[in-house]
Amino acid sequence: RHMNNNDEEDSPACFVVAVEGLDGSGKSTLVRKLTEGMQSSTHQSPDHVYSCATPSKSLSPFRPVFDRRGGPIARAFYMCSNYILQYEIRKAARAINNKGGSSGVTSTQDIPVFVVDRFFSSTCAYTIGWKNTAGTPAESIDNLPDSLFKWPPDLKPPDLMLILDVSDNVRRERVTSRAEVSPLVSPGGGRGSPKEDDGPPPASRHNPWDDRLSNDEELGQRIVAAHRRTIGPQCVETIDANGPSNEVAEAALKVVRDELTKKKVSLNNENNMLNGDAASRPITLAITGTHCSGKRTLGMRLAEILGWRFDPELGDILRPDTLVADCHKIGDGRSGGREDWDDFVHREECKRDEESGSETCNRVVETWHIGNLAWALQRMPSASNESVLKARAQSALREEVRRRSILFVHLQISPDTPVRRRKNEPGNAARLPMVDELAECTGLHDALDTQGLKLLSHSAQKIGLPLLVLKNDADGKEAIDSILTEIVAFVNPNQVRPGDTA
């Protein structure tokens, strides 16, 4: 996780295909044939198409140890192997990207493709499907909560997940014809069932899961049902794997080609947007800053001057209604439920982005994703939270870049300014009650101004978005007019009036 978190904000361009299915469904064969087919049918360089598995080769020496132990320690091993595989994929993808120059891949033709034999979905499905872990019949797996099937937020899901659907008879025929392997080695991505529940030694000379699946038909049904509930991959397709391997590979290759083409088109569009096409689209102007920095006052005035829509800070809008309706279940960042509250605000902000994406009007947004991120980190300042929250904020920004041009304005103030403005404007104090005004305003300044600007600068530079930083400690009409003049001068070169877009 530490290695992945350090790379999260610099994730290289690549295309990942995860092949999932029961033991004996033909995953390894399909991975090999897809790798070969991708190199010839898409004109990819052999150096740009990789086959890999969970656990990866780097963990092969340790795998038998954990398989013998079984139980939670084996599942932990396979879960960890998912993160290590992600790290290795990123490392290889970055090496390919860097061959295109200092800016990375110069052509979407160069996108490295990774075909993976099992990934997190197997870790999840085999854990839920194993009768002694879940005890859930196949027909009731659909009633389990979605949260059980979600990819972890700090583990990037594949672009495409293929589920191999095979009848039990065909699967058994393939199992009996496989080369002999040690019964102590359990192939695949993350099962590790409790050793004490394995019963007598396997009847076959193959891996224990061959026997478990043969002795319990419902086990396979539960695992496949869990695979189909997976939430995270961009696309999930089921492939009929009952036929000859060449026919199965041909059907799967068509799906892969289609999804890879979509990925390349998306990356091309994003590159065009970041390299000049942005001026033809409506604008989102985000105003950030700490408490009492003037975001709303200036945002509303700016929207009025430009004729744009103004979207106020969502956390401030949602807080009163949410707390009354849900009896403080979500929380306000000062009492319980902080994590749920920040997740809720993020989801609602993304919904508002999507709704505005169908409109041609320009808009001014108060606080927005980077501001919400700074608030969340101020409430939950742990390293693990930071990586997850940063990743989802970056993802939200990239989604908005596909729809609109983005401009950032950050308002800087000193820690004593909000104390003065809270005294002069009673409404500010009512919106955010404090016990020790100076101490709490100083803490917010460190989190939302100093650290907030750091986050904003990094994001703007990373994605290539314009950023204007202004000091706003002065009060009065003349000071407001001066700040507005600077912002308008910053916006005008990028402004597109509604109706100007094609």
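Which side chains meet in a salt bridge at 3.3 Å, N to O, with Lys 351 as one partner? The partner of Lys 351 is Glu 348, as the first view of this predicted model shows.

**View 1. Glu 348 and Lys 351 form a salt bridge within helix α12.** The N to O distance between the two side chains is 3.3 Å. Glu 348 and Lys 351 are three residues apart in helix α12, which covers residues 338-357, so about one helical turn separates them. Glu 348 is partly exposed, at a relative accessible area of 22%. Lys 351 is partly exposed as well, its value being 45%.

**View 2. Asp 258 and Lys 254 form a salt bridge within helix α9.** The side chains meet at 3.3 Å, N to O. Because the two residues are four apart in helix α9 (residues 245-274), they are separated by about one helical turn. Asp 258 counts as partly exposed, with 36% relative accessibility.

**View 3. A salt bridge links Asp 23 to Arg 118.** The closest N and O atoms of this pair are 3.5 Å apart. Asp 23 sits in the loop between β1 and α2 (27-41), and Arg 118 in the loop between β3 and α5 (120-129), so the salt bridge ties together parts that lie 95 residues apart in sequence. Asp 23 is buried, with a relative accessible area of 2%. Arg 118 is also buried, with a relative accessible area of 1%.

**View 4. Seven named residues belong to a network of salt bridges: Arg 309, Asp 311, Asp 353, Arg 363, Glu 400, Arg 403 and Arg 404.** For the structure as a whole, the number of salt bridges is 24.

**View 5. Five strands make up an open sheet with parallel pairing.** The strand order is β2-β3-β1-β4-β5. At the edges are β2 (49-53) and β5 (235-240), each of which pairs on one side only. From one strand to the next, the twist averages 20 degrees. Strands of a sheet pair through backbone hydrogen bonds, in a parallel or antiparallel manner. Here β2 runs parallel to β3 (residues 113-117), and five bridges join the two strands. Within this pairing, Tyr 50 has Phe 114 of β3 as its bridge partner.

**View 6. Helix α8 lies across three strands of the sheet.** The helix spans residues 217-228, and the strands are β1 (15-20), β4 (160-165) and β5. Relative to β4, helix α8 runs at about 155 degrees.

**View 7. Asn 82 is a buried residue of helix α4.** Helix α4 covers residues 71-98. Asn 82 counts as buried because its relative accessibility is 0%. With neighbours within four places in sequence left aside, Asn 82 is in contact with Thr 54, Phe 119, Phe 120, Thr 123 and Leu 155.

**View 8. Cys 14 is buried but not bonded to another cysteine.** The closest cysteine sulfur to that of Cys 14 belongs to Cys 52 and is 10.0 Å away, which is too far for a bond; a disulfide would need the two sulfur atoms within 2.5 Å. Zero disulfides are found in a search of the whole structure. Cys 14 counts as buried at 8% relative accessibility. Cys 235 is buried too, with a relative accessible area of 11%.

Key: Residues are numbered from 1 along each chain as its sequence is written. This is a predicted model: local features need pLDDT of at least 70, side-chain atom pairs count only at pLDDT 80 or more; totals for chains, interfaces and linings use all residues. Side-chain values use heavy atoms; hydrogens and water are left out. Two strands pair if DSSP finds at least two bridges between them. Axes are lines fitted to C-alpha atoms, for helices over the stretch in contact, and angles run from 0 to 180 degrees between N-to-C directions. Contact means heavy atoms within 4.5 Å. Buried means under 20% relative accessible area, exposed over 50%, partly exposed in between (1.4 Å probe, protein chains only). A salt bridge is a side-chain nitrogen of Lys or Arg within 4 Å of a carboxyl oxygen of Asp or Glu.
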